[in-house]
Amino acid sequence: MTNIEAQVNRYGYVTEAIAEDIDLVAEINRLKKEKNAVILAHYYVDAEIQDLADYIGDSLGLSQQAAATEADMIVFCGVHFMGETAKILSPNKKVVIPDLNAGCSLADSAPADKFAAFKAQYPDHIVISYINCSAEIKALTDIVCTSSNALQIVESLPKDQKIIFAPDANLGRYVAHKTGRDMVLWDGACIVHIDISREKLAQLREENPDALLIAHPECKEDILKQADFVSSTTGLLKFVKESSHSKFIVATEAGILHKMKQSVPDKKLIPAPGSDNNTCACSECPYMKMNTLEKVYNALYFEQPEIFVPEDIRLKAYESVARMLELSKGI
């Protein structure tokens, strides 16, 4: 085992010291060209990483864009399951992430062994899993969905088809309500979206009666019921750009505000408040914030930590993603 591998095994990321006088952005761009790498950044990572990324977006869209490139290496600035999704779609590309500790509370809420046992209780049900899950859960899934196409995927199935929806119960309840389908829900959730404070939000709405409330469907049901618009992060961004309204309360992870502000600099964007007191009075994902410029640099330089997905798992997971892509043509 090399020293770098030992660092990754012990800490989850490369801890090698970086010279203080180095221009990180310039060096990352140099290394990217030298190694024929593509840098992906989810909307929720810090602004400075979004600004140097080749592509910014939602997890599946980013993995699809990377798969379409001729890059030899993918640096995915997001969370662990996103790196796995990139590897599922690009098995011949090296996939690295800045920090293996950047997990996901939603993905972690569905351990594969417990979900397999849960699934076995409903042998006549088809499994639809939100893409925010591990490769193992995708391998136990019939059709993957995204927050953008979940409604259409469910509606594409016969009305008498019994469905297990995992792992996000809030998204599942939202889809069930919209489609009228009675689905069995796995009880998982995203800590960021369920932490939005209804009391603080009520006060914020009272102070800003002219603002539209827009929300991600991972939010709790009572937040979604009062929202003026519900959609994925990409959908929320598009809505803000196209709406004639000038003020919005945004109920999702605050990282999206950076791209929104770039797209609509003349509009007022207010982050929905989380229950905890924090520096931004908003909802932040602690895992997304584990991505730093220093870790991106080291990941590129040392090509570590690398994401591996066993081939048997990858092939099964790929089938569930491919089924979604086939069903969602034209969506």
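These questions and replies deal with two pockets in a predicted model.

Me: What makes Asp58 and Ser59 lining residues of the largest pocket?

Reply: A lining residue has an atom within 4 Å of a pocket point. Asp58 and Ser59 are among the 38 residues that line the largest pocket. Together with Thr146, Ser147 and Ser232, they are the closest to its centre. The space in this pocket comes to about 640 Å³.

Me: Which helix gives the most to the lining of the largest pocket?

Reply: That is α4, with 4 residues. The helices that each supply at least two residues also include α5 (80–89), α11 (191–194), α14 (233–242) and α17 (311–327).

Me: How do you know how the lining of the largest pocket divides into nonpolar, polar and charged?

Reply: Each residue is sorted by type, with Asp, Glu, Lys and Arg counted as charged. The result is 17 nonpolar, 18 polar and 3 charged residues.

Me: Why do 5 residues in the lining of the second largest pocket count as charged?

Reply: Arg173, Lys178, Lys220, Glu221 and Lys225 are in that lining, and they count as charged because Lys, Arg and Glu belong to that class. His177 also lines the pocket, but His falls among the polar residues. The remaining classes hold 4 nonpolar and 2 polar residues. About 180 Å³ of space lies in this pocket.

Me: What makes up the lining of the second largest pocket in terms of helices and domains?

Reply: α10 (169–179) and α13 (221–226) each supply at least two residues, and α10 gives the most, with 5. Domain 2 (106–190 + 314–327) and domain 3 (192–284) each contribute at least three residues, so the lining draws on both domains.

Technical notes
Residues numbered from 1 in each chain as written. Predicted model: local features only at pLDDT ≥ 70, side-chain atom pairs only at ≥ 80, totals over all residues. Heavy atoms only, no water. 1 Å grid on protein atoms, 1.4 Å probe; cavity = no way out; pocket = protein on both sides within 12 Å on 5 of 7 lines; lining within 4 Å. Points joined across faces, edges and corners; volume = space filled by probe spheres on them.
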